[in-house]
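Below is a briefing on one protein chain and its metal site. Please read it alongside the sequence and the coordinates.

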Amino acid sequence: MKLSLAFASLATLVSQIPLISAHGGVLSYKFGDATYQGFVPYNTPVGQTSIQREWDTYNPITDPTDASLSCNINGATLAEQLSATVAAGTQVTAYWNAWPHTIGPVMVYMAACPSGCSNADTSTLEFFKIDEAGLISGDLVTGLWGMGELVQNNNSWTSTIPASLASGEYMIRHELLAIHTSDQPQFYPECAQLIITGSGSSTPSSSYLVTFPGAYSASDPGVTIDIYANENETNYTIPGPAVWSG
Ligand SMILES: *[C@@H]1O[C@H](CO)[C@@H](O)[C@H](O)[C@H]1NC(C)=O
Ligand SMILES: *[C@@H]1O[C@H](CO)[C@@H](O)[C@H](O)[C@H]1NC(C)=O
Ligand SMILES: *[C@@H]1O[C@H](CO)[C@@H](O)[C@H](O)[C@H]1NC(C)=O
Ligand SMILES: [Cu+2]
């Protein structure tokens, strides 16, 4: 009885692995020396405590105007939502699962939460980009991409929170845009909540601010792109606003 139950649950588990292993998301973070576990998708949010907002699927969002593009599906505040207290100027490392894709840009955004991040409808937040890496060298098909560098670097990406950023509550949003399929883009965004400390007073001007959805459109050259039809091109236009570095 016990054995057959074990076999049954093993069979269920095995049948789910191919569905989730082709994609993924941010599983944990490091801010300076402090490590924070992310939300665990495919598990109930009940009882989960994390700085990360809820996300429910390893699958990509494929529509650049999707209502859930800000913080993934469903992006909800956890009942026991945390925020990490981090000094401006600190390095942040996001860790993904064993990431299967190497073609496409890495982008990192932040947004102030004027009424507190736990109350925020993330689709109304005004995000600014703090880091990006597109096509680093070579051509669109065989070159080195930000995403390839992420895979080489232990499936992780390290950025610096602008040292002059004004203190307060912020959302941080890590996003991978995989473009290895010629038919549609694959967006993988995850968000986490931060309380930024420090004596900085800088905030980005409106030209750096975007919302999700809103920042991208299907006609952006870096969003809808058939890399195989342009295999010898060595330029790539990362979508979204320019990076604000403080
Ligand atoms: C590689 O990533 C894992 C998390 O996925 C982390 O626990 C480990 O410390 C990292 N290794 C190095 C050398 O940074
Ligand atoms: C890319 O360059 C190779 C070598 O010159 C050529 O054979 C191929 O047709 C080119 N591809 C495209 C899509 O132009
Ligand atoms: C590369 O540059 C060409 C010429 O400026 C442009 O038409 C094309 O959209 C660019 N490709 C990408 C992916 O940005
Ligand atoms: Cu995938």
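S28 touches Y36, Q37, G38, T93, A94 and Y95, leaving out residues up to four places away in sequence; contact means heavy atoms within 4.5 Å. S28 lies in strand 1 and counts as buried at 12% relative accessibility. Buried means under 20% relative accessible area, exposed over 50%, and partly exposed in between, with a 1.4 Å probe and protein chains only. This is a predicted model, in which local features need pLDDT of at least 70 and side-chain atom pairs count only at pLDDT 80 or more, while totals for chains, interfaces and linings use all residues; side-chain values use heavy atoms, with hydrogens and water left out. Residues are numbered from 1 along each chain as its sequence is written, and chains are lettered from A and ligands numbered from 1 in the order in which they are written.

**Overall form**

- The chain has two helices and 13 strands; helices (H or I, at least four residues) and strands (E, at least two) are DSSP runs, numbered from the N terminus.
- The radius of gyration of the chain is 18 Å, which agrees with the value near 18 Å for a compact globule of 246 residues. The radius is taken over C-alpha atoms, and the globule rule is 2.2 Å times the number of residues to the power 0.38.
- The C-alpha trace spans about 65 × 50 × 30 Å along its principal axes.
- Of the 246 residues in the chain, 46% are buried.
- Contacts between residues at least 6 apart in sequence join residues at least 24 apart in 77% of cases.
- About 11,000 Å² of the chain is exposed, and carbon and sulfur atoms supply 53% of it. Accessible areas come from the Shrake-Rupley method with a 1.4 Å probe; for residues, only the protein chains shown count as cover.

**Copper site**

- The copper ion (ligand 4) has the protein donors A22 (O), H23 (ND1), H101 (NE2) and Y188 (OH), at 1.8 to 2.7 Å. Donors are N, O and S atoms within 2.8 Å of the metal (3.2 Å for Na, K and Ca); water is not among the atoms, so sites may look incomplete.
- In sequence, the donor residues follow the spacing A-H-x77-H-x86-Y.
- A22 is in the loop between helix 1 (2-21) and strand 1 (26-31), and Y188 is in strand 13 (residues 186-197), so the pair ties together parts that are 166 residues apart in sequence.
- A22 is partly exposed, with a relative accessible area of 32%, whereas Y188 is buried at 1%.
- The site is irregular, with angles of 76 to 176 degrees among its four donor atoms. Four donors count as tetrahedral if all angles lie between 85 and 135 degrees; four count as square planar and six as octahedral if opposite donors are over 155 degrees apart and all others between 65 and 115; anything else is irregular.

**Nonpolar cores**

- The largest nonpolar core has 32 residues, and M110, L194 and I196 have the most contacts inside it. Such a core is a set of buried Ala, Val, Leu, Ile, Met, Phe, Trp, Tyr and Cys residues joined through side-chain atoms within 4.5 Å.
- Elements giving two or more residues to this core include strand 1, strand 7 (106-112), helix 2 (146-152) and strand 13.
- Apart from residues up to four places away in sequence, I196 touches V86, A88, M110, I161, L165, A166, S167, G168 and Y170.
- A second, separate core has 29 residues, among them A120, L135, Y216 and V223.

**Other buried positions**

- K129 is in strand 8 and counts as buried at 0% relative accessibility.
- Beyond its neighbours within four places in sequence, K129 is in contact with residues including M107, Y208, P241 and W244. The C-alpha atoms of K129 and P241 are separated by 6.7 Å, although the two are 112 residues apart along the chain.
- G146 is in helix 2 and is buried, with a relative accessible area of 0%. Its contacts, not counting residues up to four places away in sequence, are G104, V106, A133, G134, I136 and W157.

**Backbone geometry**

- I73 and N74 are joined by a cis peptide bond, with omega about 0 degrees.
- N72, which is not a glycine, has a positive phi of about 75 degrees; N72 is buried at 3%.
- The peptide bond from F212 to P213 is cis, with omega near -5 degrees, and P213 is in the segment after strand 13.
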